[in-house]
Amino acid sequence: MQGLPKEALDEYIGETREMCERVSINLGLVEKKEHDDETLNSIYRDMHSIKGSSYLFGFKHIGELAHAMETVLDPIRHKSVVASSAIIDALYGGLDLITKMMESIVASGEEGAANASNLSKIVPRIADLSAASLGADLRVLNDHSGVAESHDQWRQSVTDDSTNSASKNPVPDIVKIVAAANAAHPAAPKPTPAATESVAETSEKVPDRLTAPAAAASGSVTDNGSGSGNDRGGAKMSEEAVEKRESPAKEDHGGDASTIRIQVSLLDNLMNLVGELVLVRNQVLQFSGKGVGEDFQKLSQRLNIVTSELQNDVMKTRMQPVGTILTKFHRVVRDMSRDLSKKIELKLEGTETELDKTLVEAVKDPLTHLVRNSVDHGLEKPEDRRKAGKAETGTVLIRSYHEGGQVIIEISDDGRGLSREKIGKKAVQKGLMTEEQLAKMSERDVQALIFAPGFSTAEKVSNISGRGVGMDVVKTNIERIGGSIDLQSTLGSGTTVRLKIPLTLAIIPALVIKSGGSRFAIPQVKVVELVRLERDKKGSARIELLQGRPVYRLRGALLPLVDLCAALKLAPDSPDDLILKPINNIIVLSSEAGMFGLVVDEIVDSADIVVKPLSQLLKNLSAYSGATIMGDGTVVLILDVHGLSMAADLNGATSEDRHNQRAAAAATQSRSIQDTAEYLMVDLGVPGRYAIPLCLVNRLEEFDKKSIELAGEQRVVRYRDALLPLITVARQLGLPGADKVNSDGADRVSVVVMSKMNRLFGLEVKNIVDVVQIDSNIDSDLRDRPGILGSVIRGKEVVVILDAFKIVEESVAKLSGANSAPQTAFKFRDTKPLLSVVAKSESDARSMRGKIRILLAEDTAFFRRHVKAFLESAGYQVVAVVNGEEALKTLDGVGPSDFAMVVTDIEMPLVDGFDLVKRIRATANVGSLPVIALTTRIRKVDLDRGAEAGFTAYLEKFNGDILLQHMDRIFGVTAA
Amino acid sequence: MEAQTSTKSGVSKESGGSRRIQYSTFYVAKRLYGIDVTRVQEVVRPMTTTKIPLAEQFVHGLINLRGQVVTALSLHDLFSLKDKAPAELMNVICKADGALISLLVDEIGDVVELDSDDFEQTPHTIPEGVRRFMTRVYKVGDNLLSILDVDKIFQALNG
């Protein structure tokens with residue numbers, strides 16, 4: 001069997017049987033003269049296919065027989081010969097012998113020696129018959145006596161026994177012959193004696209021959225010489241022959257009863273009916289709840305169970321593993337590789353992935369085309385592959401799997417890849433593009449051109465993939481079923497085509513859980529394990545809080561927890577309550593970001609669910625991947641594990657809450673701003689995760705260590721016609737292990753360039769890792785030294801945010817002495833102090849500040865959040881807005897006491913800081929408000945402009961202490 | 001030129017230029033609204049709704065329409081109407097962009113047939129919250145009928 005997989009063989013057997021059936025039905029039509037051209041073509045095609053696949057699987061005898069039959073059929077198909085009954089009988093005979101051999105293959109994996117020897121007699125005769133019929137019929141066709149005469153002639157010259165009885169019968173003859181053969185069993189009556197006799201006759205003559213109708217018919221046809229001798233041959237049947245006939249018949253019932261062919265429309269109908277049944281069931285259940293008696297309740301419960309199972313199973317009937325079509329490609333690929341003299345291996349992965357039947361059918365043709373494309377155009381001939389330094393045998397890999405609520409089917413080859421040049425040339429040739437357009441296109445866009453209508457890159461149209469179907473048709477077909485197609489190709493190393501097929505009807509196993517009174521489904525593939533925590537008296541085996549977030553020690557490793565109720569805002573986030581709950585159900589999930597535990601109220605059940613996509617309206621809700629309809633007809637949302645972990649990160653609620661509490665009344669009034677700030681993750685060469693707010697970073701550079709020079713004690717490099725002072729961050733912060741940083745062999749150093757006070761500074765780090773988005777606020781309670789702003793939680797880890805300005809400042813101060821530190825604050829005008837109080841202590845000052853509300857305008861999310869949090873931690877109430885225009889809107893119509901100060905950035909979209917302050921000064925109700933500018937640009941011109949515009953003070957951004965000092969001074973809060 | 005044009009338009013009027021359009025009407029907070037009847041697939045009595053946590057307020061939830069999951073939108077919330085919605089709302093199932101959405105309404109009205117030329121423009125004083133979904137207004141007896149555009153609702157929510 002040439003190492004072909006079992007599925008392929010099963011597929012072959014099933015297919016061949018199906019084709020034999022079809023051929024015999026069609027032959028019946030031909031015999032009754034009820035056929036049309038398509039019937040003849042169909043018979044011919046089927047025989048051709050049987051021939052091809054049988055040879056492919058190494059079943060030479062079947063192939064040989066099919067070939068002979070095909071040869072007989074060809075002139076009939078071309079209407080040069082009329083199908084005489086003799087020919088039809090011979091074909092029936094051949095068919096039945098094929099069926100016999102198939103049975104033998106099922107039983108023993110071989111065609112069977114008996115069959116083979118039988119075959120060696122039949123084949124030449126069929127061949128003779130075809131030659132004879134051709135001659136005869138051509139002759140007869142000339143005079144117009146036509147069909148009947150040739151028919152008669154043949155009946156006389158060839159046979160006048162079993163075929164007679166068969167052909168005269170109006171019943172489809174294949175049935176008749178089978179009946180005849182069955183009748184040959186001694187125990188059975190003999191409805192068609194002639195046939196039976198001839199069967200017996202043949203089996204006597206050739207003892208080892210199978211007594212199938214095939215043998216009977218063909219035998220009688222070919223044994224024409226014996227003539228009437230066949231007529232009365234006696235009705236004896238060898239026991240052996242009977243047994244042989246019977247055993248495969250049994251197998252038919254045993255082995256094949258497991259599958260049955262049904263019209264899909266019937267399944268659809270069933271599905272609808274079950275839907276209706278479910279509704280009735282629900283009503284019955286409701287009714288049974290109204291105290292109508294125990295018996296009725298029992299019955300309705302049984303109805304409930306049976307209906308649910310029925311619904312479940314009917315749903316499954318429409319699902320087919322994608323493998324049913326994928327395994328067919330073994331043959332396609334083998335055929336083609338032989339024809340093209342290429343060495344190709346087809347690998348299949350994920351054949352068990354299930355798709356709705358209609359989708360499986362819909363992707364079949366596009367997939368076939370793609371596979372043919374890969375084999376024909378993608379993969380090179382062995383010699384070319386050798387030249388390119390690849391293995392001679394090329395690989396076509398078809399993978400299918402579930403992903404993000406879709407089924408992905410990937411067809412990849414390790415062939416020559418797509419050539420931009422060739423595609424471009426062709427596109428220009430075909431007038432799809434101009435040269436200029438082409439030049440501007442990205443590699444990907446050029447590759448996408450092969451999906452353009454009427455595009456084919458093969459230099460000569462081969463009969464293999466050049467079938468008048470282009471990739472555009474593939475694309476259209478995939479898009480018609482709501483899928484998408486995507487192509488990636490690297491010249492020289494291969495092409496991958498990804499089909500995304502909607503999972504609309506795909507069934508996935510899922511875990512059904514309950515939280516906050518609602519049920520949700522979680523795809524089973526994401527579930528690692530379930531943990532049930534019961535609080536014992538000592539309180540061990542419990543949930544702990546780490547930085548305010550719940551975690552659980554799962555076999556010694558820390559597992560971050562997400563409370564589903566909190567993540568979906570079904571309940572307020574209260575990690576403390578989790579700890580106190582007597583029972584906690586944790587579902588350990590694996591997501592791209594790592595493992596985490598989802599705390600749910602209740603684990604209900606596991607179920608196979610049909611994924612239904614959510615409306616476009618809900619696409620922004622990343623927490624769900626779809627919805628499903630449960631057995632009782634209710635809709636349940638399917639949780640998207642990845643989206644959920646993201647949503648959980650988003651909350652970062654604890655640190656925010658703490659700030660809010662401290663900000664007292666402010667919490668209710670200040671608008672909460674939830675947006676993302678970007679951070680540059682850096683490796684300082686010491687343990688821990690560190691990041692710099694991206695908005696402080698000018699450039700990222702790498703310098704050769706040799707180019708670093710010393711200016712006094714300061715390490716510098718020449719950079720943009722100036723000297724760039726380098727500050728080793730870890731050393732400057734005095735972090736443990738800082739000495740070893742950059743002492744390794746690396747000859748290049750990574751430097752984050754930033755600007756402060758119109759100068760560039762370089763922060764030397766070990767590695768620049770990545771740019772990340774973090775949604776949570778900086779928790780500044782955890783800063784243990786100057787130069788650190790605080791920390792944020794990102795996924796599972798804590799990231800320390802560096803105060804890059806402070807680091808530079810400290811470094812400069814250390815070098816040049818504190819006195820000569822550049823001035824970072826400028827006061828332009830005096831205002832009447834609001835309070836004029838003396839604070840006895842810091843907490844006293846804080847409570848005084850609590851009465852003051854400040855409007856903060858800042859477009860950069862990071863600064864907005866940071867400054868707001870900083871001021872709130874100092875006690876102020878802060879309302880933050882994203883630009884000057886928003887600030888003006890907020891100030892519009894407010895009373896003089898609503899805001900005590902405006903703190904604003906200079907560079908903002910729409911209305912910038914200068915405009916803002918000018919317009920505030922021109923507005924009656926807020927004209928006299930103190931307005932402080934926070935900026936990174938403190939040049940003379942900026943200062944002049946700021947003073948002129950009407951700022952109260954001009955401060956360097958990021959220097960919280962100076963900001964607080966100024967504010968206290970303006971408000972008249974002085975320390976005792 | 002002028003004569004020609006007027007004739008043309010006159011002819012087209014005579015030959016049925018003023019099309020009759022059927023509208024499916026319903027009430028939300030005692031106000032009468034209408035949707036082109038060809039866009040309405042069916043009207044369904046109040047159904048069990050699955051709430052969608054984190055979704056916008058006007059997304060009332062999901063309903064099971066004979067095996068299809070349909071998103072139900074609360075017109076009360078969508079139009080920011082102050083009146084409290086009744087506990088049970090009718091579902092007007094509309095076809096939009098190849099999908100189905102259910103508009104939750106208080107009460108179903110008649111199907112009315114109106115002349116396509118007989119409408120008035122939406123007054124500018126109508127709050128933008130509703131006006132952006134409205135295409136025109138008809139005077140139907142004592143009542144005023146606001147015609148809603150399903151596509152506009154769908155697009156606005158998508159965008």
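This is a short walk through the contact between two chains and the nonpolar cores of the structure. The model is predicted.

Start where chain B meets chain A. Chain B brings 20 residues to the contact, and chain A brings 21 residues. Together the two chains bury about 1,700 Å². Of that area, 71% lies on carbon and sulfur atoms. On the chain B side, P53(B), L54(B) and V69(B) supply 33% of the area buried against chain A. No other three residues give more.

Now look for charged and polar links. The rule finds zero salt bridges across this interface. It does find two residue pairs in polar contact, both at pLDDT 80 or more.

Which elements of chain B give two or more residues to the side that touches chain A? They are β4 (59-65), β5 (68-74) and α4 (150-158). Sorted by class, this side of chain B has 12 nonpolar, six polar and two charged residues.

Next, turn to the cores. In soluble globular proteins, nonpolar side chains tend to be buried together. Here the largest nonpolar core has 58 residues. Inside this core, L598(A) and Y624(A) have the most contacts. The largest share of the core, four residues, comes from α4(B).

Take Y624(A) as a landmark. Leaving aside neighbours within four places in sequence, its contacts in chain A include F520(A), L568(A) and L614(A). Y624(A) also touches I52(B), P53(B) and L54(B). Two of these, P53(B) and L54(B), appeared above among the residues that supply 33% of chain B's buried area.

A second, separate core has 43 residues. Among them are L367(A), V407(A), I411(A) and M433(A).

Notes:
Residues are numbered from 1 along each chain as its sequence is written. Chains are lettered from A and ligands numbered from 1 in the order in which they are written. This is a predicted model: local features need pLDDT of at least 70, side-chain atom pairs count only at pLDDT 80 or more; totals for chains, interfaces and linings use all residues. Side-chain values use heavy atoms; hydrogens and water are left out. Contact means heavy atoms within 4.5 Å. Buried area is the accessible area (1.4 Å probe) that two parts lose on being put together, summed over both. A salt bridge is a side-chain nitrogen of Lys or Arg within 4 Å of a carboxyl oxygen of Asp or Glu. A polar contact is a pair of N or O atoms within 3.5 Å; within protein, one must be able to donate a hydrogen and the other to accept it, and residues adjacent in sequence count only if both atoms are side-chain atoms. Ala, Val, Leu, Ile, Met, Phe, Trp, Tyr, Cys and Pro count as nonpolar, Asp, Glu, Lys and Arg as charged, and the others, Gly among them, as polar. A nonpolar core is a set of buried Ala, Val, Leu, Ile, Met, Phe, Trp, Tyr and Cys residues joined through side-chain atoms within 4.5 Å. Buried means under 20% relative accessible area, exposed over 50%, partly exposed in between (1.4 Å probe, protein chains only).
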